[in-house]
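Work through these short exercises with the structure open beside you. Try each task before you read its solution.

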Amino acid sequence: MPAELSPIEKAKFVSAKRASDFVETGMRVGLGTGSTAAWMVRCLGERVKNDGLKIKGVPTSSRTAALAQSLGIEVVTLDEAKWLDLTIDGADEYDADLSLIKGGGGAHLQEKVVATASDRMIVIADAAKKVDTLGAFPLPLEVIPFGWQTTKTLVEETLVGMDVLGRTTALRMNGDAPFVTDEGNHILDLHLERIGNPRQLSLVMNQIPGVVENGLFIDICDVVVVGHGDGRVEVT
Ligand code: 5RP
């Protein structure tokens, strides 16, 4: 374990390390995005370098692709891999049903495509990501740049009929400019506070023209590996 980690980084590291033990030579592995997923990619890079682990990695963002390549992990596209044995990724929130909010890093579109094309998705998270009800973390919607303000209005009107507490939406910014995803889109963050029916919300949001994908992952995650600041790990 790297020395001098804060409790939160230690929690992320131990969950990532434990999940990386599920990876075996010959596997095609989806590589998630975010600070926890970056620990997992580093753990796999160590095994590639020191233990002769041979895998094909499918990154879920340009950031993860650059990191994996820098560590000597063979990187292929999803279309080259076709189907994956396993995806390991972080999350912003998860509940008792293993439903997730993802996209805090703006990569949930590729993350959802990759996780859905995998036999198994393992989520790695520190214990603070566990919630009774999803929604305290803003729900990201990836929207196309064309007419995004109209899309935002449509989203707000649609939220009036949904089982949520808050209904404010905000265009995600990167300094003075709108944040741009790897697919060239923007992100609307929905401040909902509480999502009463994640499955229904996910279906309804994805029906709005201009919305490419929302950050709710329903029936996709199989296992959550939870890390604690004292180094304990639980597999749920
Ligand atoms: C990126 C994601 C990340 O997995 C999520 O934001 C968690 O990130 P971190 O591990 O840094 O807390 O969904 O789009």
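**Exercise 1. Find how strands E5 and E6 pair, and name the partner of glutamate 93 in E6.**

Solution. Step 1: E5 and strand E6 (residues 100-101) pair in the antiparallel sense, over two bridges. Two strands count as paired if DSSP finds at least two bridges between them. Helices (H or I, at least four residues) and strands (E, at least two) are DSSP runs, numbered from the N terminus. Step 2: glutamate 93 has isoleucine 101 as its bridge partner in E6.

Before going on, note the ground rules. This is a predicted model: local features need pLDDT of at least 70, side-chain atom pairs count only at pLDDT 80 or more, and totals for chains, interfaces and linings use all residues. Residues are numbered from 1 along each chain as its sequence is written.

**Exercise 2. Place E5 and E6 in their sheet, and find the edge strands.**

Solution. Step 1: the open sheet has three strands, in the order E5-E6-E14, with antiparallel pairing. Step 2: strand E5 (93-94) and strand E14 (216-217) each have a single partner strand, so they stand at the edges and one side of each lacks a neighbour in the sheet. Strands of a sheet pair through backbone hydrogen bonds, either parallel or antiparallel.

**Exercise 3. Describe the surroundings and partners of strand E7.**

Solution. Step 1: E7 covers residues 121-126, and six of its six residues are buried. A residue is buried if 20 or more other C-beta atoms lie within 10 Å of its own, exposed if 12 or fewer, and partly exposed in between; C-beta atoms are placed from the backbone. Step 2: look at both faces. Met121, Val123 and Ala125 are buried on one side, and Ile122, Ile124 and Asp126 on the other. Step 3: strand E4 (residues 86-89) runs parallel to E7, joined by three bridges. Here aspartate 89 is bridged to valine 123 of E7. Step 4: strand E15 (residues 223-227) also pairs with E7 in the parallel sense, over five bridges. The partner of aspartate 126 in E15 is glycine 227.

**Exercise 4. Work out which side of helix H3 is buried and which is exposed.**

Solution. Step 1: in H3 (residues 62-70), Thr64, Ala65, Leu67 and Ala68 are buried. Step 2: seen down the helix axis, these buried residues fall within an arc of 165°, so they line one face of H3. The arc is that of the directions from the helix axis to the C-beta atoms. Step 3: Ala66 and Ser70 are exposed on the other side of H3. Step 4: the cover over the buried residues includes strand E1 (28-31), H2, strand E2 (56-59) and strand E3 (74-75). Step 5: after H3 comes glycine 72, with a positive phi near 85°.

**Exercise 5. Characterise the shell around the ligand.**

Solution. Step 1: 18 residues surround the ligand, and Gly34, Thr36, Gly90, Gly104 and Gly105 come nearest. A residue is near a molecule or strand if its C-beta atom, placed from the backbone, lies within 6 Å of it. Step 2: helix H2 (35-51) and helix H5 (108-116) each supply at least two shell residues. The largest share, three residues, comes from H2. Step 3: sort by class. The shell has three nonpolar, 11 polar and four charged residues. Ala, Val, Leu, Ile, Met, Phe, Trp, Tyr, Cys and Pro count as nonpolar, Asp, Glu, Lys and Arg as charged, and the others, Gly among them, as polar.

Technical notes
Two residues are in contact if their C-beta atoms, placed from the backbone, lie within 7 Å.
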